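Subject: Structure handover

Hello,

Here is the structure you asked about. Please open it and keep it beside you as you read.

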Amino acid sequence: MDNLTLRSTAPDAVLRTEPLLVASDLTKRYGAVRALDGASFSCMPGEVLALVGENGAGKSTVSRILAGATEATSGGITLDGEPFDVTSIAEARERGVACAFQELALVPDWTVAENLMLPERRGRGMFSQRKAREQAEELLARLDVTHLDPSSVVGDLRLADRQVIEIVRAIAADPKLLILDEASSALSPTGVSWLFARIRELTVQGVGVIYVSHRLGEISEIADRGTVLRDGASVGEFTRGSWSEDDLVSQMAGRTARRHFPDRPDAPAADAPLALEVRGLRSEALTGVDLTAHRGEIVGIGGLQGQGQTELLRCLFGATPALAEEWTIGGRPARHLTPTRAVRRGVGFVPEDRKTEGLALTLSVGENLLAPWLRPIAPGGPVQLRRERSWVDRVLGSLSVRTRGPNEAVGALSGGNQQKVVFGRWIDRNRSVLLLHDPTRGIDVRAKQELYAAMLELAKSGVAIIWFSTEVEELVHLCHRVAVLYRGRVARVLEGDQITPDAIVGAAVGTA
Ligand SMILES: Nc1ncnc2c1ncn2[C@@H]1O[C@H](COP(=O)(O)OP(=O)(O)OP(=O)(O)O)[C@@H](O)[C@H]1O
């Protein structure tokens, strides 16, 4: 790479002469796909190096190579000056590299303790549940995770908590180099503060951190330096305080591009009919939610983590059982709601976790887009896919999904592009209500704007959008109303100019 620079820009306190990691001209091919095409970067001990780039730029491929999950096709890596060409995750850990993966590598049926002790378990004789529990308890306390029980089954945890476990597991390996691949994508601001405190503890001990994220605010706060990847190649570098968001976004896109929120959409007509109304909605986590959404209205769900946001969206889609005093969709009672019935009644849903709930990873992009619309029996996927080809192409185009085409397995797409597929299935599908759980999770800065535009377009066409975002700014800029949840009920409803970050946070902690 002509723009490879190995200058050290780490803070003085941790400045050493020798880089911890040097990656030179890495390439990775998957058949005809060039996932990496000349990626070069270095990381000093005690340094936080950000890797940024658009969806599909190659960031996760870099992470997977360094973590030993896959091998580079060509190129060189050294760790502490020694060649680093590991062939397994276990070997990478032995050499001092651990990764919290974007697509979590936890076993859902196992407890927190079992998952945390999993890497220790291999080839080391009998496994003691009691010991694992004790060790997990100790580890969680040491890393200041006070809200998780080691005996909880991981599959029952919220995505944010599963991400915390994935991070804890990587830190527990005591690495020299820690890779955090979109590890914060489901974390709330409190979760991110927790993560940054852990990163700072590690870097003062000389641990190098590679931080992959689309949240540029986080990068500005935590990264000492960064490398920009575009189409698998490193195309630029930046150092703390020396970059602007617009420059970075342009570098990632390879052309002038800006990050900005659209203007808040005009409020729907005063006589717009109710798309959804619920009174006294109760479930395990909800203690009596009242909520309405009119056709064309964008209603945000605010609140701190764990106040019932996830469950509310799931209940409204019939994915989690709930009871209500009154519940209508399009003015008609919503009885015995199941996801299939909800789809039939004009409701669409983007769930929290695309990997476990949203996608069939071995099926094609086209089949995944058409999943809610495929009939269980004949005519079958391929036939319908041919018939719906123009809709599929339109959706892929409007969201700029980076794919080789509708027949590619969705599992071969980068994380952000998979997320776009989950969203895309509801475009132009005659929905009356769309329920979106953090729809921009893992989506790059430019693609977020395409998604915002798609949401506004849907609202303009009369769809009521009810959604939750871990990024408060998104709710501030894109909602007509925000219902802030606190302890399983709506604590406050903010409208129009009342919707500010302070008002949302104030209501979220129960003070406003
Ligand atoms: N197993 C695979 N088979 C085929 N292509 C793949 C595979 N894994 C990744 N790719 C391709 O490699 C490219 C880089 O993907 P990668 O996941 O590294 O991107 P990324 O920068 O992490 O994106 P995101 O921000 O969306 O997570 C993409 O075009 C992707 O489709």
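Is E182 buried or exposed, going by its C-beta neighbours inside 10 Å? E182 has 23 such neighbours, so it counts as buried. The cut-off for that label is 20 or more. Bear in mind that the model is predicted.

Stay with E182 for a moment. It lies in the loop between β7 (177-181) and α6 (189-204). Its phi is positive, about 55°, although E182 is not a glycine. Most residues other than glycine have a negative phi. D25 is another case: its phi is about 50°, and it is not a glycine either. D25 is found in strand β1 (residues 21-30). With 17 C-beta neighbours inside 10 Å, D25 counts as partly exposed.

The ligand

Now find the ligand. There are 21 residues around it. A35, N55, S60, S414 and G416 come nearest. By type, the shell divides into six nonpolar, twelve polar and three charged residues. Three elements each supply at least two residues of the shell: β2 (33-43), α1 (59-66) and α15 (415-424).

Where does the ligand lie with respect to domain 1 (21-253) and domain 2 (274-509)? Both domains give residues to the shell, so the ligand lies between them.

The sheet with β3

Look next at an open sheet of six strands. Its order is β6-β7-β8-β3-β9-β10, and the pairing is mixed. The edge strands are β6 (97-100) and β10 (233-239), and each of them pairs on one side only. Neighbouring strands are turned by 20° against each other on average, direction ignored.

Inside this sheet, β3 (residues 48-52) and β8 (residues 208-212) run parallel. Four bridges join them. To find the spot, look for L49, which stands opposite I210 in β8.

The sheet with β13

A second open sheet also has its order set out strand by strand: β16-β17-β18-β13-β19-β20. It is made of six strands with mixed pairing. β16 (347-350) and β20 (489-495) stand at the edges. Each has a single partner strand, so one side of each is left without a neighbour in the sheet. The twist averages 20° from one strand to the next.

Strand β13 (residues 298-302) is a good place to start. Five of its five residues are buried. I298, G300 and G302 point one way, while V299 and I301 point the other way. In a regular strand the side chains alternate between the two faces of the sheet.

Which strands pair with β13 in the parallel sense? One is β18 (residues 464-468), joined to β13 by four bridges. There, W467 is the bridge partner of G300. The other is β19 (residues 481-486), again over four bridges. There, G302 stands opposite V484.

β18 has a further parallel link, to β17 (residues 433-437), through five bridges. In that pair, H437 stands opposite F468.

After β13 comes a loop that leads to α9 (309-316), and Q305 is found in it. Q305 has 18 other C-beta atoms within 10 Å, so it is partly exposed. Q305 and R394 are 89 residues apart along the chain. Their C-alpha atoms are separated by 35 Å.

A hairpin and a helix

β11 (residues 274-282) and β12 (residues 287-294) form a hairpin with four residues between them. They pair in the antiparallel sense over six bridges. One bridge pairs V278 with L291 in β12.

How many residues of α5 are buried? The count is 13 of its 14, so α5 is mostly covered. How does the length of helix α5 (residues 159-172) compare with what its 14 residues should span? At 1.5 Å a residue, the expected span is 20 Å. Its end C-alpha atoms are 20 Å apart, which agrees. Just after α5, D174 takes a positive phi of about 55°.

Start with the ligand and the two domains that supply its shell. Then go through the sheets strand by strand.

Best wishes

Notes:
Residues numbered from 1 in each chain as written. Predicted model: local features only at pLDDT ≥ 70, side-chain atom pairs only at ≥ 80, totals over all residues. Near = placed C-beta within 6 Å. Nonpolar A, V, L, I, M, F, W, Y, C, P; charged D, E, K, R; others polar. Domains from an automatic or database assignment. Pairing = 2+ DSSP bridges. Expected span 1.5 Å × (residues − 1). Buried ≥ 20, exposed ≤ 12 C-beta atoms within 10 Å, placed from the backbone. Axes fitted to C-alpha atoms, helices over the stretch in contact; angles between N-to-C directions.
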